[in-house]
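What follows is a walk through one chain, element by element. Please keep the sequence and the model in view while reading.

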Amino acid sequence: MNYQIVPMTAAHLDAVADLEKICFPEDPWSRRIFEETLSNENTTSLLALAEDGKVLGYLFFSAVLDEGGVDNIAVAPAARRQGIASALLEEFHRYGREHGLASLFLEVRPSNTGAAALYEKLGYREVGRRKNYYLDPKEDAIMMKLELTTCT
Ligand SMILES: CC(C)(COP(=O)(O)OP(=O)(O)OC[C@H]1O[C@@H](n2cnc3c(N)ncnc32)[C@H](O)[C@@H]1OP(=O)(O)O)[C@@H](O)C(=O)NCCC(=O)NCCS
């Protein structure tokens with residue numbers, strides 16, 4: 001599948017909010033949360049766009065001091081297992097290296113074994129658990145970390 005990774009703009013808000021409802025049906029971010037995130041100066045908002053302009057995936061990440069964190073990532077069901085999430089996260093890692101970040105963090109539900117496998121494959125390792133971090137349904141979070149200095 002041909003796609004490009006590009007910065008998100010306000011023109012994509014509806015498409016991103018629609019895809020979010022498909023990817024996180026139980027507890028989606030609202031359009032308003034996406035709007036606020038897009039205008040947050042600490043956050044980078046990236047899209048994977050198909051040739052026809054369709055939003056195939058998105059990644060929001062933030063950086064504070066020398067740490068980065070994934071705020072949200074999803075790929076449209078029909079576009080999965082084609083490397084799109086990996087490509088989005090590689091942009092995060094590139095940003096981290098260019099901006100001197102030491103560590104990148106993310107959280108994942110233990111039940112989300114597919115996402116956890118993706119993160120493991122990219123070098124993230126479990127560094128702790130947060131009790132009852134998620135609601136709807138309630139679940140702990142696995143906290144994962146990638147040390148950029150050891151990233152090849
Ligand atoms: C998790 C998600 C973002 C992965 O996106 P993706 O574009 O399919 O991921 P990639 O194609 O880059 O996957 C790279 C590798 O990660 C692993 N992986 C990804 N999804 C997997 C799955 N469902 N089961 C097992 N391994 C998986 C595989 O090793 C895969 O390589 P392979 O396809 O060659 O076997 C996507 O499934 C999604 O949007 N899920 C719903 C939203 C979500 O859970 N977001 C993460 C919240 S923490």
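In this predicted model, strands β6 and β7 run antiparallel and are joined by 6 bridges. β6 covers residues 125-134, and β7 covers residues 139-147. Two of the facing residues can be picked out by name: arginine 130 has alanine 141 in β7 as its bridge partner, and glycine 128 stands opposite methionine 143 in β7.

The two strands make a hairpin, with 4 residues between them. Aspartate 136 and proline 137 both belong to the loop between β6 and β7. The peptide bond that joins aspartate 136 to proline 137 is cis, with omega about -10°. Aspartate 136 also has a phi near 50°, a positive value in a residue other than glycine. With 10 other C-beta atoms within 10 Å, aspartate 136 is exposed; the cut-off for that class is 12 or fewer.

A positive phi also occurs within the strand itself. Asparagine 132 is found in β6, and its phi is near 50°, again in a residue other than glycine. Asparagine 132 has 9 C-beta neighbours inside 10 Å and therefore counts as exposed. How many of the 10 residues of β6 are buried? The number is 0, so β6 lies largely in the open.

The hairpin is part of an open sheet of 7 strands, ordered β1-β2-β3-β4-β5-β7-β6 and with mixed pairing. The edges are held by β1 (3-7) and β6, each of which has a single partner strand, so one side of each is left without a neighbour in the sheet. From one strand to the next, the twist averages 25°.

At the β1 end of this order, the pairing is again antiparallel. β1 and β2 (43-50) pair in that sense over 5 bridges, and isoleucine 5 stands opposite alanine 48 in β2. β2 then pairs with β3 (55-64), also in the antiparallel sense, over 7 bridges. In this pair leucine 49 stands opposite valine 55 in β3. β2 and β3 form a hairpin with 4 residues between them, and glycine 53 in the turn has a positive phi of about 90°. Is β2 largely enclosed or largely in the open? Of its 8 residues, 6 are buried, so β2 is largely enclosed by the rest of the structure.

Helix α3 (84-98) lies across five of the strands. These are β1, β2, β3, β4 and β5, and α3 runs at about 25° to β3.

Leucine 106 gives a view of the packing around β5 (103-108). This residue lies in β5 and counts as buried, because it has 22 C-beta neighbours inside 10 Å, where the cut-off is 20 or more. Leaving aside residues up to four places away in sequence, leucine 106 touches Gly69, Val70, Tyr119, Tyr124 and Met144. Gly69 and Val70 fall in β4 (67-75), Tyr119 falls in α4 (113-121), and Met144 falls in β7. Glycine 57 is 49 residues away from leucine 106 along the chain, and the C-alpha atoms of the two are separated by 17 Å.

The model also holds a ligand. Which residues are closest to the ligand? Of the 18 residues that surround it, the closest are Arg80, Ala85, Ser86, Gly114 and Leu118. Three elements, β4, α3 and α4, each supply at least two residues of this shell. α4 gives the most, with 5 residues. By type, the shell divides into 10 nonpolar, 5 polar and 3 charged residues.

Taken as a whole, the chain has 4 helices and 7 strands, following the pattern β-α-α-β-β-β-α-β-α-β-β along the sequence. Its radius of gyration is 15 Å, close to the 15 Å that the globule rule gives for 152 residues, so the chain is as compact as a globular protein of that length. Along the principal axes, the C-alpha atoms fill a box of roughly 40 × 35 × 30 Å. Buried residues make up 27% of the 152 residues. Of the contacts with a separation of 6 or more, 56% are between residues 24 or more positions apart.

Methods: Residues numbered from 1 in each chain as written. Predicted model: local features only at pLDDT ≥ 70, side-chain atom pairs only at ≥ 80, totals over all residues. Near = placed C-beta within 6 Å. Nonpolar A, V, L, I, M, F, W, Y, C, P; charged D, E, K, R; others polar. Pairing = 2+ DSSP bridges. Axes fitted to C-alpha atoms, helices over the stretch in contact; angles between N-to-C directions. Contact = placed C-beta atoms within 7 Å. Rg over C-alpha atoms; globule rule 2.2 N^0.38 Å.
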